[in-house]
Amino acid sequence: MSDVVVPADLWEVDAQAVVVSWLYRDGAVVKQGQVIAEVMIEKVQFDIVAPSDGVLHHKIPANGTFDRGEAFATVNAE
Amino acid sequence: MSSERTLTLARAGREAVIWEMENNPEVFMIGQDIVGTGGVFRTAEGLAKRFGRDRIVESPISETGVIGLATGAAMAGMRPLVEMAYIDFIGVCFNALANFAAKTHYMSGGQYSVPMVLIAGTGGGYSNAAQHSQCLYSLLAHMPGMKIVVPSNAYDAKGLMHSAIRDDNPVVFLYAKAVAGLGFLGKPHPRAMMAVPEEPYVVPFGKARISREGSDITLVGLGYTSVLALDAADLLMQDDISAEVVDLRSLVPLDRESICASVAKTGRLVVADEDYGSYGVSAEVLAAVAEKIPSALRAPARRVTFPDISIPFARQMEYHVLPSAQTIADAARAVVRGGA
């Protein structure tokens, strides 16, 4: 199982992130490197890619917020 | 479980741009802030890195110069995409666009084509005030020689972008900001996001889409108001009113046949437009009905539009007058109940 996190070098400020949109639904099969979510920190938006192949599980819904370093989804090997 | 990916409208349009740029070396993009920030509305995100600065060209604040450059380049065989973040500034280059770009094909007797696309964001709802929140649909649609499209969802955005880039004369492609799916403008509207095929496809110009079938009243919308009309239709179901929603998608050419076919079926009409009310899209829709099927209307039609005022900055003031699902549903109920 891999955690989906915002890369540390992108998260410079001490603010929460918000999930702008999920490009794949909870339970979808994703491939490593595919853009799976759009995340915004202080008005700057980032594309987040799947860290590995497998089944995506959302931990935070669209429009939900999460803290620096927190995994907001996981990808479980099938 | 399905592996369909859901795209925002902005991403879907960009996907079409990327495919066209990869497959046609004549396609290039020019605009302000497109290299560093990828464009205010992310139209060009990641493209400078991918295609280089010869094809993603950062321009100064010189709209007239850019439209002139694009017109000349298009006449010489290139296919430029002009990224103009806010349609509000079309006034700066209106002569170059309407008199050069749009009329060259005709005035040259067909000897020149001008295959350019003008990409711009329209609309407000996020306190960007009077000079950065306008739609100006009627200003553009009034001028001959340009096609104008306003997708309301991700699927139409990608297909219309492919059509726009492949068209051999000027096309204005407008992103309704409220439905583009950009985080900093607020939560993306779920109706604008949907599964989009990975391979390229075209959506034709001049064809409206019936996004919801109904029998009691026709709601016509464009861009943001097309999505609001669907929300309004849900509200109207609670009053047992079955609304049919027509998403215009294309302003020029305008699908008058689909508008009239729907009104002929339902007999009632509400037009919703985020642009200023008078002298615009809503009037053109009413004119089509009045000219072709005047006796089809069982009650006077209504329009729900932004009023003829400068757009306020204060959020409460802006939202007080911006069309909403509620105001569209209220107008529909009034029409159905026969109120004047």
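I will talk first about the interface between chain A and chain B, and then about a cavity. Please keep in mind that what we are looking at is a predicted model.

Let me begin with the interface, where 17 residues of chain A are in contact with 19 residues of chain B, and where the two chains bury about 1,400 Å² between them, with 48% of that area on carbon and sulfur atoms. On the chain A side, L23(A), R25(A) and Q45(A) together supply 33% of the area that chain A buries against chain B, which is more than any other three residues supply.

Turning to the charged and polar pairs, the count between chain A and chain B comes to 5 salt bridges, and one of the salt bridges joins D47(A) to R11(B), with the closest N and O atoms 2.7 Å apart. There are also 3 residue pairs in polar contact between the two chains, counting pairs with both residues at pLDDT 80 or more. The elements of chain A that each give two or more residues to the side touching chain B are β2 (17-22), β4 (35-41) and β5 (44-49), and the residues of that side divide into 8 nonpolar, 4 polar and 5 charged.

Now to the empty space inside: how many cavities of 30 Å³ or more does a search of the whole structure find? The search finds 1, and the volume of the largest cavity is about 60 Å³. Its lining includes G124(B), C135(B), F306(B) and L322(B), while strand β13 (residues 269-276) of chain B gives the most to that lining, with 3 residues. By character, the lining residues divide into 5 nonpolar, 3 polar and 3 charged.

Key. Residues numbered from 1 in each chain as written. Chains lettered and ligands numbered in written order. Predicted model: local features only at pLDDT ≥ 70, side-chain atom pairs only at ≥ 80, totals over all residues. Heavy atoms only, no water. Contact = heavy atoms within 4.5 Å. Buried area = accessible area lost by both parts, 1.4 Å probe. Salt bridge = Lys/Arg side-chain N within 4 Å of Asp/Glu carboxyl O. Polar contact = N/O pair within 3.5 Å; in protein donor to acceptor, adjacent residues only side chain to side chain. Helix = DSSP H or I, 4+ residues; strand = E, 2+ residues; numbered from the N terminus. Nonpolar A, V, L, I, M, F, W, Y, C, P; charged D, E, K, R; others polar. 1 Å grid on protein atoms, 1.4 Å probe; cavity = no way out; pocket = protein on both sides within 12 Å on 5 of 7 lines; lining within 4 Å. Points joined across faces, edges and corners; volume = space filled by probe spheres on them.
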